[in-house]
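Hi there,

Here is the structure I promised to pass on to you. Have a look at it first, and my notes follow below.

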Amino acid sequence: MLLKGKIALVTGSTNNIGLEIARAFAREGAMPIVHSRHGDEARKVAAEIGGDSFAADLSRSEEIDKLFQHIEAKHRRLDVLINTVAHSTKNGILEVSLDEWQQIMAINLTAYFLCIQRAARMMQAAGGGVILNISAASGERGSPGTAVYSISKGAINALTRQAAVDLAAHNIRVNGIIAGIIGTPLGRKDMGNRKTEYDTIPLKRIGRPEEVAEAAVFLASEKAAYITNTILPVDGGRMNSMGSATRS
Ligand SMILES: NC(=O)c1ccc[n+]([C@@H]2O[C@H](COP(=O)([O-])OP(=O)(O)OC[C@H]3O[C@@H](n4cnc5c(N)ncnc54)[C@H](OP(=O)(O)O)[C@@H]3O)[C@@H](O)[C@H]2O)c1
């Protein structure tokens, strides 16, 4: 077991990538804190994998405070934070409204920052910890028509690098994962009109949430003790290949 006894908050862990990370962490001996806006769903997953749960809308800073107050009161420490929550819209730069910008940034970026700050304070007091931010290739390369999402992901990558250098002195490692095209329930059944795009992936297939989760387990574990300030693509080679397309 690579994460035995670790208290790990996985934000957005009732669906897809976050869910598989929470499951993999439980399998590796961690105590995952399952999070979603919906308490029933979070409790259901926590009961399935043997973790704790908490409901909070992370676009609201007062709810982030309540989440961390809960962790402090119930667990007394936090060893690992995995930020996964995200929303996307399809508008390009010319169509984005200020409301849309503020809403997406609040969830995709400000929530990551606030969770990192609050987690790092607890980790600092306990002598160390690990933080992982889930990001996307569009933050590094641009992606037609998902302007705010892409910009938020680029900013998350900058946040990962900044937090890594600021927090290293406190024995807190900070890394990112750039998820490639990862199979949603729809993607597993039908590649649909994105088949041409999938054909540009060097490994010629989309990824599975479980494959992102395995990378998260490794980066959170002692096996990655000398790895910080790294953003690892888990994408079948897509982002760094000449034929890459950069949606999502
Ligand atoms: N899937 C892909 O192909 C892909 C590709 C590149 C990067 N990524 C990145 O991987 C991460 C996970 O993606 P995914 O596809 O697994 O996403 P997903 O299925 O949409 O899950 C996102 C989670 O975030 C939670 N959430 C959304 N808004 C929230 C808010 N305001 N407060 C609290 N929780 C909120 C949702 O739970 P509730 O609705 O229950 O609150 C949900 O569980 C994201 O950062 C995404 O950008 C995914």
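A quick definition before the strands come up: two strands are taken to pair when DSSP finds at least two bridges between them. With that in hand, Ile-82 of β4 has Leu-132 in β5 as its bridge partner. Please keep in mind throughout that this is a predicted model.

Strand β4 makes a good place to begin. Its residues are 80–83, and four bridges link β4 with β5, the two running parallel. Strand β1, residues 7–10, also runs parallel to β4 and is joined to it by three bridges. Here the partner of Leu-9 is Leu-81 in β4.

Are the faces of β4 covered or open? Both are covered. Val-80 and Ile-82 are buried on one side, while Leu-81 and Asn-83 are buried on the other. As a reminder, side chains in a regular strand alternate between the two faces of the sheet.

Now for the overall picture. The chain contains nine helices and seven strands. Its C-alpha trace spans about 50 × 40 × 40 Å along the principal axes. For 248 residues, a compact globule would have a radius of gyration near 18 Å, and the chain agrees with that because its own value is 17 Å. Buried residues make up 46% of the 248. Among contacts with a separation of 6 or more, 69% are between residues 24 or more positions apart.

The largest nonpolar core holds 69 residues, and Ala-8, Ala-119 and Ala-216 have the most contacts inside it. Helix α4 (residues 98–126) gives this core its largest share, nine residues. There is also a second, separate core of five residues, with Ala-147, Val-148, Tyr-149 and Ile-151 among them.

Ala-8 ties some of this together. Beyond its neighbours within four places in sequence, the contacts of Ala-8 include Phe-25, Met-31 and Ile-33, and also Val-80 and Ile-82, the two residues buried on one side of β4.

Finally, the part you may want to open first: the ligand. Which residues come nearest to it? Of the 25 residues around the ligand, they are Gly-12, Asn-16, Ser-36, Arg-37 and Ala-86. By class, this shell has ten nonpolar, twelve polar and three charged residues. Helix α1 (16–27) and strand β5 (129–136) each supply at least two residues of the shell, and α1 gives the most, with three. Strand β5 thus appears twice in these notes, in the shell around the ligand and bridged to β4.

Happy browsing, and all the best!

Note on methods:
Residues are numbered from 1 along each chain as its sequence is written. This is a predicted model: local features need pLDDT of at least 70, side-chain atom pairs count only at pLDDT 80 or more; totals for chains, interfaces and linings use all residues. A residue is near a molecule or strand if its C-beta atom, placed from the backbone, lies within 6 Å of it. Ala, Val, Leu, Ile, Met, Phe, Trp, Tyr, Cys and Pro count as nonpolar, Asp, Glu, Lys and Arg as charged, and the others, Gly among them, as polar. The radius of gyration is taken over C-alpha atoms; the globule rule is 2.2 Å times the number of residues to the power 0.38. A residue is buried if 20 or more other C-beta atoms lie within 10 Å of its own, exposed if 12 or fewer, and partly exposed in between; C-beta atoms are placed from the backbone. Two residues are in contact if their C-beta atoms, placed from the backbone, lie within 7 Å. A nonpolar core is a set of buried Ala, Val, Leu, Ile, Met, Phe, Trp, Tyr and Cys residues joined through C-beta atoms within 7 Å.
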